[in-house]
Amino acid sequence: MLLWYNALAMRILAIESSCDDTAVAIVEGGRRVLVNLVSSQEKLHAKYGGVVPEVASRRHLEVIYPLIELALKKARLAPDKINAIAVTTHPGLLGSLLVGVNAAKTLGYLWNRPVVGVNHLVGHIYAGWLGKAKIQYPLVSLVTSGGHSEIVLTRKMGEYKYLGGTLDDAAGEAFDKVARHLKLGYPGGPAIAAEAAKLKVKSEKLKVREGRIILPRPMLDEDNFDFSFSGLKTAVTRVVGRRADIAWEFQEAVVEVLSEKLFAAARKYRAKTVLIGGGVAANKRLREEVEKRAQKLGVRVIIPDFEYCTDNAAMIGVAAYYLQRRGKDKWYNANVIVG
Ligand code: KG4
Ligand code: ZN
């Protein structure tokens with residue numbers, strides 16, 4: 001069992017392999033990122049229009065050990081300077097998770113270091129700890145990625161109350177599917193954002209709303225914190241128009257629903273801080289809208305840097321540091337959790 005007598009110098013090597021990015025980071029003292037490496041499989045899956053699980057796990061296996069070696073080299077650290085290992089255990093693609101967890105356990109065994117398992121979504125929330133802003137509770141977080149769109153209430157560190165989430169497609173998944181429909185490529189989020197950005201003039205954007213394309217804002221009038229994006233995706237397939245107009249209106253619809261529900265939760269639970277995380281939190285329009293609404297409500301807002309919104313291992317290292325300090329997780333037996 002590891003002692004936290006020198007928490008500021010605590011160095012955690014973190015591994016993330018839950019989906020299609022292999023990521024390794026070394027985090028010192030819970031906030032200082034010494035190295036943050038991501039080996040993306042984007043190109044590999046692009047021709048399929050989405051992640052192919054077996055292809056993903058095979059690639060993880062190829063790159064994970066070289067990436068660990070590179071991380072140590074870049075941080076100029078020998079393995080004996082690493083105090084603990086953190087790894088994503090769930091949720092994610094089973095074959096992908098197994099590669100990361102197996103690597104973490106092997107290192108833990110060889111280096112005689114504890115291994116701590118981290119929930120991927122909790123990791124996305126802890127990405128918010130990487131900035132300078134101080135978190136005040138209650139905290140309401142929106143974790144929105146390719147696999148999840150969830151609103152979570154944290155009254156004190158280490159506690160997560162699920163307030164609501166998607167009933168069908170996650171927001172990122174909807175971005176990816178709509179991009180495929182519009183033949184914009186994969187991953188869809190950045191592709192749709194770039195297409196929508198072609199509408200530079202305000203009058204052009206207004207014309208989309210007033211003149212032609214109007215897409216639904218699903219579940220906005222319901223008094224809960226759930227989302228549904230599959231109907232919106234279907235609605236896109238029925239409209240006819242310029243690609244940039246459709247991309248713009250689709251992005252607006254997703255941003256409006258996500259931010260409206262997030263701030264409804266923030267008001268209800270009298271949040272002092274609002275945080276967004278996950279790949280979709282890299283979306284500029286969403287970031288703008290969340291900043292604007294937070295200012296209006298008078299709450300702190302935490303939006304991680306782009307590199308800490310999409311999948312990365314630094315957030316897993318940070319989560320392990322804070323959770324373990326509070327004694328929430330065991331330092332051994334990090335296993336993949338299914339379901
Ligand atoms: O968190 P993440 O890297 O992986 C998962 O845990 O799923 O999120 C990936 C998702 C993809 O669906 C991608 O299209 C979306 O995040 N995404 C974006 C943007 N960048 C990535 N969605 C909207 N706008 C973006 N700029
Ligand atoms: Zn993620």
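In the predicted model, ring pairs link Y126, W129, Y321 and Y322 into a cluster. Within this cluster, Y126 and Y322 form a stacked aromatic pair, with 6.1 Å from centre to centre and 15° between the planes. Y126 belongs to helix 4 and Y322 to helix 12, so the pair ties together parts that are 196 residues apart in sequence. Both Y126 and Y322 are buried. The rings of Y321 and Y322 adopt another geometry: their centres are 4.9 Å apart and their planes stand at 80°, so this pair is edge-to-face. Y321 has a relative accessibility of 3% and therefore counts as buried, while the relative accessible area of Y322 is 12%, which means that Y322 is also buried. The count of aromatic pairs in the model comes to 7. An aromatic ring also takes part in a contact with a charged residue, in that R287 lies over the face of F306 at 4.2 Å from the ring centre.

Helix 4 also contributes to a metal site. The zinc ion (ligand 2) is coordinated by H120 (NE2), H124 (NE2) and D311 (OD), at 2.1 to 2.2 Å. Along the chain, the donors of this zinc ion follow the spacing H-x3-H-x186-D. H120 lies in helix 4 (residues 120–126), whereas D311 is placed in the loop between helix 11 (306–309) and helix 12 (314–325); the pair thus links distant parts of the chain, 191 residues apart. H120 and D311 are both buried.

Two open sheets were examined. One of them has 5 strands in the order 3-2-1-4-5, with mixed pairing. Its edge strands, strand 3 (32–40) and strand 5 (115–119), each pair on one side only. Neighbouring strands of this sheet are turned against each other by 20° on average, direction ignored. Strand 1 (residues 11–16) and strand 2 (residues 21–28) run antiparallel and are joined by 6 bridges. R11 stands opposite E28 in strand 2, and the bridge partner of I15 in strand 2 is V24. A hairpin of 4 residues joins strand 1 to strand 2. On the sheet, helix 2 (residues 53–74) lies across strand 1, strand 2 and strand 3, running at about 25° to strand 2. Helix 3 (residues 94–111) packs on the sheet as well, touching strand 1, strand 4 (84–90) and strand 5, and its direction makes about 155° with that of strand 4.

Strand 2 has 8 of its 8 residues buried, so this strand is largely enclosed by the rest of the structure. Both of its faces are covered: D21, A23, A25 and V27 are buried on one side, and T22, V24, I26 and E28 on the other. This arrangement may be read against a general feature of strands. In a regular strand the side chains alternate between the two faces of the sheet. Strand 2 is further joined to strand 3 by 8 bridges, and the two run antiparallel. The hairpin of strand 2 and strand 3 has 3 residues between the strands, and G29 takes a positive phi near 60° there. The bridge partner of T22 in strand 3 is S39. Leaving aside neighbours within four places in sequence, S39 is in contact with D20, D21, T22, V63 and L67. The C-alpha atoms of S39 and K272 are 36 Å apart in space, and the two residues are 233 residues apart in sequence.

The other open sheet, also of 5 strands, has the order 8-7-6-9-10 with mixed pairing. Strand 8 (161–165) and strand 10 (300–302) are the edge strands, each of which pairs on one side only. The twist from one strand to the next averages 20°. Strand 6 (residues 139–144) is joined to strand 7 (residues 149–154) by 6 bridges, the two strands running antiparallel. In strand 7, T154 is the residue opposite L139. Helix 9 (residues 243–268) lies across strand 6, strand 7, strand 8 and strand 9 (273–277), and runs at about 160° to strand 6. Helix 10 (residues 284–297) lies across strand 6, strand 9 and strand 10, running at about 175° to strand 9.

Key
Residues are numbered from 1 along each chain as its sequence is written. Chains are lettered from A and ligands numbered from 1 in the order in which they are written. This is a predicted model: local features need pLDDT of at least 70, side-chain atom pairs count only at pLDDT 80 or more; totals for chains, interfaces and linings use all residues. Side-chain values use heavy atoms; hydrogens and water are left out. Two strands pair if DSSP finds at least two bridges between them. Axes are lines fitted to C-alpha atoms, for helices over the stretch in contact, and angles run from 0 to 180 degrees between N-to-C directions. Contact means heavy atoms within 4.5 Å. Donors are N, O and S atoms within 2.8 Å of the metal (3.2 Å for Na, K and Ca); water is not among the atoms, so sites may look incomplete. Buried means under 20% relative accessible area, exposed over 50%, partly exposed in between (1.4 Å probe, protein chains only). Rings of Phe, Tyr and Trp (its six-membered ring) pair if their centres lie within 6.5 Å; planes under 30 degrees apart count as stacked, over 60 as edge-to-face and the rest as tilted. A charge sits over a ring if NZ of Lys or CZ of Arg is within 6 Å of the ring centre and within 35 degrees of the ring normal.
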